[in-house]
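Here are a few friendly notes to read alongside the structure. Take them one at a time, and keep the 3D view open as you go.

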Amino acid sequence: MKFLSLIVKNALRNKRRSLLTITSLAMSLCLLGVLIAMYHAIYLTEAPANQARRMVTRHKVSIIFGMPVYYREKIAQVPGVQAVVATQWFQGEYKNERQDRRLFFPRFAADVDRLFDVFTSYSMPAEQKQEFIRDRLGCVVSDTLANRLNFKLGDKITIKGDIFPFEIDLTVRGIFASEENLEALYFNNKVIEEWLKSRGSNRSFAGTFTVLADSPDNVPRISKAIDELFANSETATRTESEQAFALSFLAFIGNVKLILLSICAAVTFTIVLVAANTMAMSIRERTREIGVMKTLGFTREMILGMVLGESALISLLGGAIGLLIAAGLCAGVRAAMGSMIFQLQNLGMEPSVLALLLGISIFVGVCSAVIPAWNAARMPILSALKFTD
Amino acid sequence: MAIPIAYNIRNLVVRRTTTIMTALGIALTVAVLAAALAVGAGLAKAFRATGHPNHLLLLRKGSTSELISSVPIPVFKERIKLRNGVAKSAKGEPMASPETILVVSLPSVEAPEGMNLTLRALGQVGLEMREDCRIIDGRWFQPGRREIVVGSAVAKRYPDAQIGKKITFGRGQWDVVGVFDSEQMARNSEIWGDFDQISGDFNRLETASSVLVRADDEVALEALKNELNTDVQLQVEIMTEKAYYAAQTDSADPLKFLGIFVAVIMAIGSCFAAMNTMYAAVARRSKEIGTLRILGFSKGSILLSFFVESILIAALGGLLGLLLVLPLNGVTTGVGSNLTFAEIGFELKITPPIAAAGMAFALFMGALGGLLPAGSAARKEILTALRDV
């Protein structure tokens with residue numbers, strides 16, 4: 001510890017260089033921070049307690065195919081299933097969303113009377129719930145969505161259908177809060193059924209069933225039981241946890257896991273390069289001084305520790321500043337991409353991510369200084385004193 | 001008079017460790033940028049090149065994708081097939097092809113749990129209209145048989161889509177009998193089979209997803225488009241086949257967004273690193289700068305010389321970066337199309353404009369990083385510079 005002031009003095013000796021190095025490291029570490037936070041948000045975030053009990057059943061081949069709606073009653077009989085709701089992705093177009101992507105939000109048709117039995121984490125005043133069930137053309141929106149697009153109770157929302165080519169005029173009857181922070185609009189699936197009937201079709205299909213299990217531990221067992229139930233029928237199903245279901249959409253963007261990891265590797269490598277380069281320059285300039293220190297009785301270990309300490313200090317400072325910027329950037333990415341990639345709505349600097357990154361910055365500092373520090377510590381006094389640059 | 005560039009090159013060689021380290025930092029930045037742009041360029045190439053100039057694609061009114069569109073077969077027979085201006089095949093048949101789009105799920109190299117692929121059911125006319133597609137292995141499917149052919153991008157990435165193997169969808173198994181390839185790359189990501197056979201399996205004999213029509217020539221194309229548009233009973237959305245595919249190019253936007261975001265932040269870090277290196281170079285060569293001034297080189301030529309040196313490092317970095325990313329050229333990968341909900345295979349392309357953009361990016365970093373240090377070199381007082389140790 002008595003060397004701490006020496007280390008600080010050394011780090012401050014060439015202020016401009018230290019400042020440039022710290023800024024450079026801060027930028028790279030901030031980037032690494034955002035990327036690791038993304039990875040964490042997408043792959044490592046545990047589902048909230050309620051979501052962990054939900055699973056989604058869909059057509060085995062693709063989400064674009066429907067399943068007979070009577071599957072709902074069969075699924076409800078599987079032991080451990082508490083509630084089932086049929087949901088249908090409606091898509092369609094809100095205002096001019098094809099020109100302005102920010103107007104996009106997920107829209108589902110669902111069994112209104114069962115919706116809140118399954119999504120137990122959605123909370124809404126009882127009278128709003130009643131209004132929603134009463135009004136056939138009513139809809140509910142999540143508070144996240146209502147805040148973003150400024151929807152109020154009683155507002156009209158017109159959606160021009162495309163999968164189901166008809167226009168619906170919905171009225172906002174309720175705004176629900178959810179612990180998942182998701183964006184969604186739900187309306188009565190009877191509307192679709194009636195439209196199909198008016199065209200002489202008696203098809204009654206559901207795009208997905210969302211199933212609530214009695215406990216998270218039973219989700220794998222129930223998923224298997226549901227799929228076995230329909231394995232030999234004409235329409236086989238695939239059931240997975242709601243979280244896994246959401247992740248399967250991410251595969252559409254590309255191999256996100258590999259891309260994130262390889263960029264992280266490239267960034268870390270760059271950081272080590274920058275830090276090593278600076279430390280090498282800075283030690284080289286001080287060769288003679290180190291010779292003098294040795295004549296004064298500083299041991300090899302002391303010199304080694306001094307150099308490593310200086311490097312770690314600079315990296316740690318860079319890391320700390322980088323993480324501050326990263327926290328800000330996370331908010332930006334969340335706002336820009338949260339509606340595109342649902343998992344990123346949880347993006348933030350979690351304590352585990354913070355700890356990992358501070359660890360990485362110290363590691364980078366020590367790693368990058370090992371070779372110059374070793375060389376400096378090993379150099380014979382005479383050649384150090386004779387050294388001219 | 002300008003200081004010879006050889007002076008800078010020799011300097012870089014003498015300080016090769018620092019030079020290479022700084023250049024490597026820039027190289028990785030350029031590599032990330034080029035890779036992101038290569039994804040965009042590859043996908044754009046696949047889609048922009050697809051579509052016959054005289055082809056019109058007819059979808060149901062309001063739909064943007066073949067997947068959610070439907071056109072009744074009677075409408076096709078009565079109101080589309082026999083119009084004037086529809087080109088005739090060698091056998092004298094009208095070149096208008098009703099086609100049905102479905103999705104099948106197959107395990108791919110990257111996604112063993114299965115990726116969605118487009119399955120297109122079409123008749124012999126449909127095959128004739130796609131002269132660009134050649135069979136490169138096996139043969140075409142025969143009408144009336146449960147046979148399918150797969151695009152070359154499918155054959156490359158899906159172990160099950162090989163000649164002699166069977167694929168299960170609809171009501172049973174289908175034999176893979178051929179692999180086709182086309183310059184119009186988006187086609188290579190599809191699986192094709194006989195219209196009647198496949199539609200029968202899915203109970204879809206009464207409707208098609210879309211109709212592809214060839215006009216005699218460009219004039220006839222416009223006339224046909226107007227005529228179909230004014231037919232109120234038809235209720236179709238009409239676009240050129242080329243425009244339909246071009247609209248899918250933005251499927252790669254999330255990946256491109258991520259790549260550019262990363263590259264820009266890395267670039268700021270690399271800029272500071274380059275600045276650091278150049279400041280160190282200036283500091284170490286104080287005496288040299290003084291000597292050069294005494295010899296009669298002006299402040300301007302000193303400034304230029306150091307600036308050029310920074311640009312040289314950046315150019316080396318840019319070159320290294322492009323070399324790093326070059327192996328990606330031609331690698332086949334896939335993303336989910338935003339319109340068809342199925343995977344589109346494409347080749348990453350490091351095009352000359354991308355290489356130029358990467359190089360320009362590198363030089364820009366070098367210029368920004370070199371400007372201030374070069375300025376400080378030029379401002380040095382001759383006497384103090386000479387006295388510097």
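1. Let us start where two parts of chain B meet. In this predicted model, 13 residues of domain 1 of chain B are in contact with 16 residues of domain 2 of chain B.

2. To find those two domains, look for residues 5-48 + 250-387, which make up domain 1 of chain B, and residues 62-234, which make up domain 2. Taken over C-alpha atoms, the centres of the two domains are 47 Å apart.

3. Which elements of chain B each supply at least two residues of the side of domain 1 that touches domain 2? They are helix H2 (16-48), strand S13 (332-336) and strand S14 (343-347). Strand S14(B) gives the most to this side, with 4 residues. By residue type, the side of domain 1 of chain B that touches domain 2 divides into 7 nonpolar, 4 polar and 2 charged residues.

4. Now turn to chain A and find helix H1 (residues 4-13) and helix H12 (residues 300-337). Their axes come within 9 Å and cross at roughly 65°. The crossing of H1(A) and H12(A) is right-handed.

5. Which residues make this contact? From H1(A), look for Leu6(A), Ile7(A), Asn10(A) and Ala11(A). H12(A) brings Met306(A), Gly309(A), Glu310(A), Leu313(A) and Ile314(A). Sorted by type, the residues of the contact of H1(A) with H12(A) are 6 nonpolar, 2 polar and 1 charged. Try picking them out on the structure yourself!

Key: Residues numbered from 1 in each chain as written. Chains lettered and ligands numbered in written order. Predicted model: local features only at pLDDT ≥ 70, side-chain atom pairs only at ≥ 80, totals over all residues. Axes fitted to C-alpha atoms, helices over the stretch in contact; angles between N-to-C directions. Left-handed = near helix turned anticlockwise from the far one by under 90°. Contact = placed C-beta atoms within 7 Å. Nonpolar A, V, L, I, M, F, W, Y, C, P; charged D, E, K, R; others polar. Domains from an automatic or database assignment.
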